[in-house]
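Please open the model in a viewer and keep the selection panel at hand. The stops below proceed from single residues to sheets and helices.

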Amino acid sequence: MNIYLKSLSDIKKIRLSAKIACDILKYISQYIKPGISTDRLDFLCYKRIVDYHKAYPSSLGYNGFPKSVCISINDVVCHGIPNKKDILREGDILNIDVAILKNNYHADMSRMFFVGKPSKQARNLCKITQNSLNLALKIIKPGINLILIGKIIQKYIENYNFSVVKNFCGHGIGRKLHEEPYVLHYYSRKYIKKDFYNVILKAGMVFTVEPMVNVGSNKVKIMKDGWTVKTLDGSLSAQYEHTVYVTNYGCEVLTKA
């Protein structure tokens, strides 16, 4: 296990990248309306990141990903590739996932947006997903086992008869976009004794928590583009993500607007 504890100097730089990520999601919200393409939203994000903030979108070119942000609509769980054919429609819900590289340090966050007035089910899904993330953040402090984050999330989500996607997880972040530790959003006894997940939190750790929650089954499929992940049963999916810094007494949510 190779977990890099961040110094105060590191945190200062990650905090700046996190501040930019917050600004991008606030900025793009004004353009989320019926009739706009996800490609156009991506372009606007790119211009804001590069021209205004003099930063770089971490996703662009990462393992061949062709765009600056991930935009996932309705039954797309994650890694949706913006394109000209995906036009927002009244009632859609979408996740925009933005990662920023500034001064050699990354920060990563995502949130849900509504296009017009979504269904009651869609609103409830987004609310419950966000609540599960917030509950998990409240327990983060030195000395707890990392796997408890997933336990809190899964218990809350399943109380509402939704399901947690198990194919993807949160991750450490800093000089690299993805570092150790890896953060499960569910609990499994078989992992509690595995060093890879059996991690005791220490001050200086920085990682993301990013539950993905489906209305129906937690089963997913990867589309032919090799990136886009959809729910297997076509049900709605939602995700919220924050970058978190473990302090001496609790945690700081670096991507909190």
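A residue counts as exposed when its relative accessible area is over 50%, as buried when that value is under 20%, and as partly exposed in between. The model shown is predicted.

**Stop 1: two residues with positive phi**

Select Lys-54, in the loop that connects helix 2 (38–52) with strand 1. Its relative accessibility is 61%, so Lys-54 counts as exposed. The backbone also deserves attention here: phi of Lys-54 is near 55 degrees, a positive value in a residue that is not glycine.

Move next to His-79, which occupies the loop between strand 3 and strand 4. Phi of His-79 is likewise positive, near 65 degrees, and this residue is not glycine either. With a relative accessibility of 24%, His-79 counts as partly exposed.

**Stop 2: Phe-168 and its surroundings**

Select Phe-168 in the loop between strand 6 and strand 7 (170–172). Which residues does Phe-168 touch, not counting those up to four places away in sequence? They are Cys-78, His-79, His-185, Met-212 and Val-229; His-79 is the residue whose phi was near 65 degrees at the previous stop. A C-alpha to C-alpha line from Phe-168 to Val-183 spans 9.0 Å, with 15 residues of sequence separation.

**Stop 3: the sheet 3-12-11**

Display strands 3, 12 and 11, which form an open sheet in that order with antiparallel pairing. Strand 3 (76–78) and strand 11 each have a single partner strand, so each has one side without a neighbour in the sheet. Direction ignored, neighbouring strands here are turned by 40 degrees against each other on average. Strand 3 and strand 12 run antiparallel and are joined by two bridges. To locate this pairing, select Val-76 together with its bridge partner in strand 12, Lys-230.

**Stop 4: an aromatic pair**

The model contains three aromatic pairs. One of them is formed by Phe-65 and Trp-227, whose ring centres lie 5.1 Å apart and whose planes make an angle of 85 degrees, an edge-to-face arrangement. Phe-65 belongs to the loop between strand 1 (56–57) and strand 2 (70–73), whereas Trp-227 belongs to the loop between strand 11 (220–222) and strand 12 (229–231); the pair thus links distant parts of the chain, 162 residues apart. Is Phe-65 buried or exposed? Its relative accessible area is 3%, so Phe-65 is buried.

**Stop 5: the hairpin of strands 4 and 5**

Select residues 93–102 for strand 4, which runs antiparallel to strand 5 and is joined to strand 5 by ten bridges. Two residues separate the strands of this hairpin, and Asn-103 in the turn has a positive phi of about 55 degrees. Within the pairing, Ala-99 has Asp-108 of strand 5 as its bridge partner. Strand 5 (residues 105–114) is mostly covered, with eight of its ten residues buried.

**Stop 6: the sheet 6-10-13 and helix 3**

Switch to strands 6, 10 and 13, an open sheet of three strands in that order, paired antiparallel. The edges are strand 6 (163–164) and strand 13 (237–239), each of which pairs on one side only. Two bridges connect strand 6 with strand 10 (residues 212–214), and Ser-163 stands opposite Asn-214 of strand 10. Now add helix 3 (residues 120–139), which lies across strand 10 and strand 13 and runs at about 35 degrees to strand 13.

**Stop 7: helix 3 against helix 4**

Keep helix 3 and add helix 4 (residues 147–159): their axes come within 9 Å and cross at roughly 145 degrees. The crossing is right-handed. On the helix 3 side the contact includes Ile-128, Leu-135 and Ile-139, and on the helix 4 side Leu-148, Ile-152 and Tyr-156 are among the residues involved. Classified by type, the contact has ten nonpolar, three polar and no charged residues.

**Stop 8: a cis peptide bond and Leu-5**

Select Glu-180 and Pro-181, whose connecting peptide bond is cis with omega near 5 degrees. Pro-181 is located in strand 8 (residues 179–183).

Finally, centre the view on Leu-5, in the segment before helix 1 (8–28). Leu-5 has 38% relative accessibility and therefore counts as partly exposed. Beyond neighbours within four places in sequence, Leu-5 is in contact with Asp-10, Lys-202, Ala-203, Gly-204 and Met-205. Leu-5 and Tyr-245 are separated by 240 residues in sequence and by 9.9 Å from C-alpha to C-alpha.

Conventions. Residues numbered from 1 in each chain as written. Predicted model: local features only at pLDDT ≥ 70, side-chain atom pairs only at ≥ 80, totals over all residues. Heavy atoms only, no water. Pairing = 2+ DSSP bridges. Helix = DSSP H or I, 4+ residues; strand = E, 2+ residues; numbered from the N terminus. Contact = heavy atoms within 4.5 Å. Axes fitted to C-alpha atoms, helices over the stretch in contact; angles between N-to-C directions. Buried < 20%, exposed > 50% of the residue type's maximum accessible area, 1.4 Å probe, protein only. Left-handed = near helix turned anticlockwise from the far one by under 90°. Nonpolar A, V, L, I, M, F, W, Y, C, P; charged D, E, K, R; others polar. Phe/Tyr/Trp six-rings, centres within 6.5 Å; stacked < 30°, edge-to-face > 60°.
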